[in-house]
Amino acid sequence: MNITLQKSKIAKASIVKITGSKSESNRLLLLQALYPNIEISNVSNSDDSKLMQKALSSDSSIVDIHHAGTAMRFLTAYFSLQEGREITLTGSSRMQERPIKILVDALRDLGADISYLKNEGYPPLKIKGHTLTKHQVTLAANVSSQYISALLLIAPRLKKGIELILKGKITSVPYIKMTLNLLEQIGVITSFEDNKIIVNPINEVAAKKLVVESDWSSASYFYSIVALSNVGTKIELSSYKLNSLQGDSVLSTIYKDFGVETVFNNTSITLTKVDSQLNNVSYNLANAPDIAQTIAITCLGLGVSCHLTGLHTLKIKETDRLAALKAEIEKFGTQVEISNDSLTVSKINLLASKVDVETYHDHRMAMAFAPLAIKTTFNILEANVVTKSYPDFWNDLKNIGFNFTEF
């Protein structure tokens, strides 16, 4: 599905309900598979979470998780300790280009039996599940936090738990803390001091009902919409809480710079556009890299230059997001510079229109660019890629006043 987004003006006050966080959902789904008496509500309706649920309930010897990167990492760890099962874990052609060697090496250090079926260091994998008796492992700290979380999530089921040493500067600390907090919520004892994480073993957990908070990454697009709209525009989003486990909740602080005020209600937040004047902004997003695309496009729409750092993990996402951002932003008439971990967008005073935005099979490319329709008319190609994390995205935009047609 390709769409043309017409220049739009949203309603002064709108309400949007967003389903559960993909990050929280996938962690809790794995924990539920390990401890079946855990109940979960408000689970994400994203493709990734549906694939995670399907894989965990499958008795097939071949599990295909398509584009779901989180599922690939978490399931590699999960199937490693499933006694007596032999699984081929595979994914899309892009997934087979995304490295997994660091996680596989760590699991092998714990005693896992994992082999590569095609290219060394990349899926598909052959996993022969059995009891993992070792508990000490060392991992580079500046890798994707999903590798670290994958190890931590299975740790309570290891005979001695896990003692994980992280070498170097740690990336995406909020995601690691999210994993540890969810473990603690089901009764697992953990500690995280300096560069050492300890997770104690536990055979059984008490029956527990857990509610997944709505997804802050999905909320980012509405922050961008409000930032690009007229003063006085309001959008209410549910269900969110002040003390969130999600790193992307930093949005409520960052978007103050763009004139978006956030008010926390009981189970929702209200975003309001107030007057603001900016010339340039600079953020280190090492702890929240998934909102980099959103912020870059907000700056493009406002004619504000930006310098974003801490983005080294973006190169191994659904696409090389730094290269993709450079290619697509420059179509609107400005210059973009990228390095291995940074992106700089020059100030622009007039947006080009009728641009074709490529999405590169990346849900966040489509959603990050969509708010630009507040400023100009343009096309988004393969717009249905949003189902990976936010299937209701286009319907929610239509309901608040966006105009678009398919072609």
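Good morning. The largest pocket is lined by D47, D48, L51, H66, H67, H361, E382, N384, V385, T387 and K388. I begin there, and I should say at once that the model I am presenting is a predicted one.

The space inside this largest pocket comes to about 170 Å³. Its lining residues comprise 2 nonpolar, 5 polar and 4 charged. Let me stay for a moment with one of them, H66. H66 sits in the loop between β4, residues 62-64, and α3. Its phi is positive, at about 55 degrees, although H66 is not a glycine. With a relative accessible area of 39%, H66 is classed as partly exposed, because that class covers the range between 20% and 50%.

A second residue may be set beside it. D194 also has a positive phi, near 50 degrees, and is likewise a residue other than glycine. D194 belongs to the loop between β10, residues 190-193, and β11, residues 196-199. Is D194 buried or exposed? At 72% relative accessibility, D194 counts as exposed.

I turn now from the open pocket to the enclosed spaces. How many cavities of 30 Å³ or more are there? The count comes to 2. The largest cavity holds about 310 Å³ of space. Its lining is made up of 26 residues, and those nearest its centre are K22, T70, Q146, D290 and K317. Which elements give two or more residues to this lining? They are α1 (22-34), α3 (69-80), α5 (145-154) and α11 (363-369). In character, the lining of the largest cavity divides into 3 nonpolar, 11 polar and 12 charged residues.

The second largest cavity contains about 40 Å³ of space. R73, R98, S144, Q146, T313, I316 and K317 form its lining. Here the division is 1 nonpolar, 3 polar and 3 charged. I would draw attention to Q146 and K317, which line this second cavity and are also listed among the residues nearest the centre of the largest one.

K22 leads us to the next residue, D215. Among the contacts of D215 beyond its sequence neighbours is K22; the others are I18, T19, G20, S21, Y240 and Q246. D215 is placed in the loop between β12, residues 208-211, and α7, residues 216-228. What is the nearest side chain of opposite charge to D215, and how far away is it? It is R364, at 4.9 Å. D215 is buried and has no salt bridge; a salt bridge requires a distance within 4 Å, so the 4.9 Å to R364 does not qualify.

Helix α7 brings me to S224, which is found in that helix. S224 is buried, because its relative accessible area of 0% falls under the 20% limit. Leaving out residues up to four places away in sequence, S224 touches Y255, T294, T298 and P371. S224 may also be compared in position with F369: the two are 145 residues apart in sequence, and their C-alpha atoms are 9.5 Å apart in space.

A contrasting pair is L180 and S229. These are 49 residues apart in sequence, while the C-alpha to C-alpha separation is 38 Å. L180 lies in helix α6, which spans residues 173-185. Its relative accessibility is 4%, and L180 therefore counts as buried. Beyond its neighbours within four places in sequence, L180 is in contact with L152, T190, F192, I197 and V199.

My last topic is the backbone, and specifically two cis peptide bonds. One joins P123 and P124, with omega at about 5 degrees. P124 is in the loop between β6, residues 113-116, and β7, residues 125-128. Another runs from S238 to S239, and here too omega is near 5 degrees. Where is S239 found? S239 lies in the loop between β13, residues 234-238, and α8, residues 251-254.

To close, I return to the spaces with which I began. The largest pocket holds about 170 Å³, the largest cavity about 310 Å³, and the second largest cavity about 40 Å³. Thank you for your attention.

Note on methods. Residues numbered from 1 in each chain as written. Predicted model: local features only at pLDDT ≥ 70, side-chain atom pairs only at ≥ 80, totals over all residues. Heavy atoms only, no water. Helix = DSSP H or I, 4+ residues; strand = E, 2+ residues; numbered from the N terminus. Buried < 20%, exposed > 50% of the residue type's maximum accessible area, 1.4 Å probe, protein only. Lys, Arg positive; Asp, Glu negative; His and termini not counted. Contact = heavy atoms within 4.5 Å. 1 Å grid on protein atoms, 1.4 Å probe; cavity = no way out; pocket = protein on both sides within 12 Å on 5 of 7 lines; lining within 4 Å. Points joined across faces, edges and corners; volume = space filled by probe spheres on them. Nonpolar A, V, L, I, M, F, W, Y, C, P; charged D, E, K, R; others polar.
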